[in-house]
Amino acid sequence: MTYIGAHMSSAGGFYKMARKAAAIGANTCQFFCRNPRGSRAKALDPEDLDQCRAFLAENAFGVVVGHAPYIMNPCARDEGIRALAAEMMAGDLALMEHLPGNCYVFHPGSHVGQGVETGCRLIADMLNAVLRPEQQTTVLLETMVGKGSEIGGRFEELRMILEQVKVPERMGVCMDTCHMSDAGYDIVHDLDGVLAEFDRIVGLDWVKAVHINDSLHPTGAKKDRHARIGEGTLGSGTILRVLTHPRLRHLPFLLETPNDDAGHGQEIAMLRVQLETERKENQNKGWEETI
Ligand code: FE
Ligand code: FE
Ligand code: ZN
């Protein structure tokens, strides 16, 4: 079973979101825990979250992923902005505990001239202040394109953060195919080489989710403009190789492509057809070999 889903709006509640996800053929999904561009969170609705949790279980969903707001910068220069980041993450994690066993992903942030080492230390400081060993949510660092002073464009930076976290068992990484390519990792021509490099520097066991996005720009462009699958520089062949990679294929795959729910549903259907075609081809190859 391959877990494929998309980023969905939770504006109408989490139960409604889960039903919408199932309706477009998804068996995982991602959502913002609060307004992505603001810091305010709606009051938590435990009943809605309980219904969502029950629905996800009944419909055999894989791990789902909450996403932090974009404005969060845990390695800002300003202490107040860093404190706000910690506050937002703590609030989001309190929400995620109502959906136990899932993941929460955040963009590591921008060090705004303080340097990579200071940035990574500040990010780890925040995680050490917020993470609880008993929590049931795994917190993921997202791989970024590394534009400006953005942290997370290099695998070494992710390692530098993870090394300093005191509760590593509650931590992981979310790969983003558009971001990795834009950051300069050539997953089109050498996915195996890139994954081997990640394994050597960070370790593939840390990867708990993957954002599957095509990219409008070539490898190394550092632009971060997502494209629909097959309409960018990665192509559906690259995405298919990611979905079927032996070290990744058990993970939840989330589309963050420029599409509405219906469009995401079409992308999911297309990917499932391609997966099935490939499975049959491999089966036939297997037959030929045994004959
Ligand atoms: Fe993201
Ligand atoms: Fe992403
Ligand atoms: Zn992006």
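**Metal sites and buried polar residues**

In this predicted model, the side chains of Glu256 and His211 are joined by a polar contact of 3.0 Å. Glu256 is located in the loop between strand S10 (252-255) and helix H9 (261-290). With a relative accessibility of 14%, Glu256 falls under the 20% limit and therefore counts as buried. Apart from residues up to four places away in sequence, Glu256 touches His7, Gln30, His67, Glu142, Asp176, His211, Ile212, Asn213 and His226. Both Glu256 and His211 are among the protein donors of the iron ion (ligand 2).

The iron ion (ligand 2) is bound through Glu142 (OE), Asp176 (OD), His211 (ND1) and Glu256 (OE), at distances of 2.1 to 2.2 Å. Along the chain, these donor residues follow the spacing E-x33-D-x34-H-x44-E. The angles among the four donor atoms run from 85 to 174°, and the site is classed as irregular. A tetrahedral assignment would require all angles to lie between 85 and 135 degrees, and the upper value of 174° at the iron ion (ligand 2) therefore rules it out. Glu142 also bridges this ion and the iron ion (ligand 1), the two lying 3.3 Å apart. Glu142 in strand S5 (residues 138-142) and Asp176 in strand S6 (residues 171-176) are 34 residues apart, and the pair links distant parts of the chain. Both residues are buried: the relative accessibility is 1% for Glu142 and the relative accessible area is 0% for Asp176.

At the iron ion (ligand 1), the coordinating residues are His67 (NE2), His107 (NE2) and Glu142 (OE), at 2.1 to 2.3 Å. The donors of this ion are spaced H-x39-H-x34-E in sequence. Distant parts of the chain are again linked, here by His67 in strand S3 (residues 65-67) and His107 in the loop between strand S4 (103-106) and helix H4 (116-130), which are 40 residues apart. His67 has a relative accessible area of 2% and is buried. For His107 the relative accessible area is 19%, and because the limit for buried residues is under 20%, His107 is also assigned as buried.

The zinc ion (ligand 3) is separated from the iron ion (ligand 1) by 5.6 Å. Coordination of the zinc ion (ligand 3) is provided by His179 (NE2), Asp224 (OD) and His226 (NE2), at 1.9 to 2.2 Å. The spacing of these donor residues is H-x44-D-x1-H. Since His179 lies in helix H6 (residues 177-183) and Asp224 in the loop between strand S8 (214-215) and strand S9 (226-227), the pair ties together parts that are 45 residues apart in sequence. His179 is buried, its relative accessible area being 2%. His226, another donor to the zinc ion (ligand 3), is one of the residues touched by Glu256.

A further polar contact involves Asp92, whose side chain meets the side chain of Arg34 at 2.9 Å. Asp92 is placed in helix H3 (residues 79-96) and is buried, with a relative accessible area of 2%. Beyond neighbours within four places in sequence, the residues in contact with Asp92 are Cys33, Arg34, Ala68, Pro69 and Tyr104.

Methods. Residues are numbered from 1 along each chain as its sequence is written. Chains are lettered from A and ligands numbered from 1 in the order in which they are written. This is a predicted model: local features need pLDDT of at least 70, side-chain atom pairs count only at pLDDT 80 or more; totals for chains, interfaces and linings use all residues. Side-chain values use heavy atoms; hydrogens and water are left out. Donors are N, O and S atoms within 2.8 Å of the metal (3.2 Å for Na, K and Ca); water is not among the atoms, so sites may look incomplete. Helices (H or I, at least four residues) and strands (E, at least two) are DSSP runs, numbered from the N terminus. Buried means under 20% relative accessible area, exposed over 50%, partly exposed in between (1.4 Å probe, protein chains only). Four donors count as tetrahedral if all angles lie between 85 and 135 degrees; four count as square planar and six as octahedral if opposite donors are over 155 degrees apart and all others between 65 and 115; anything else is irregular. A polar contact is a pair of N or O atoms within 3.5 Å; within protein, one must be able to donate a hydrogen and the other to accept it, and residues adjacent in sequence count only if both atoms are side-chain atoms. Contact means heavy atoms within 4.5 Å.
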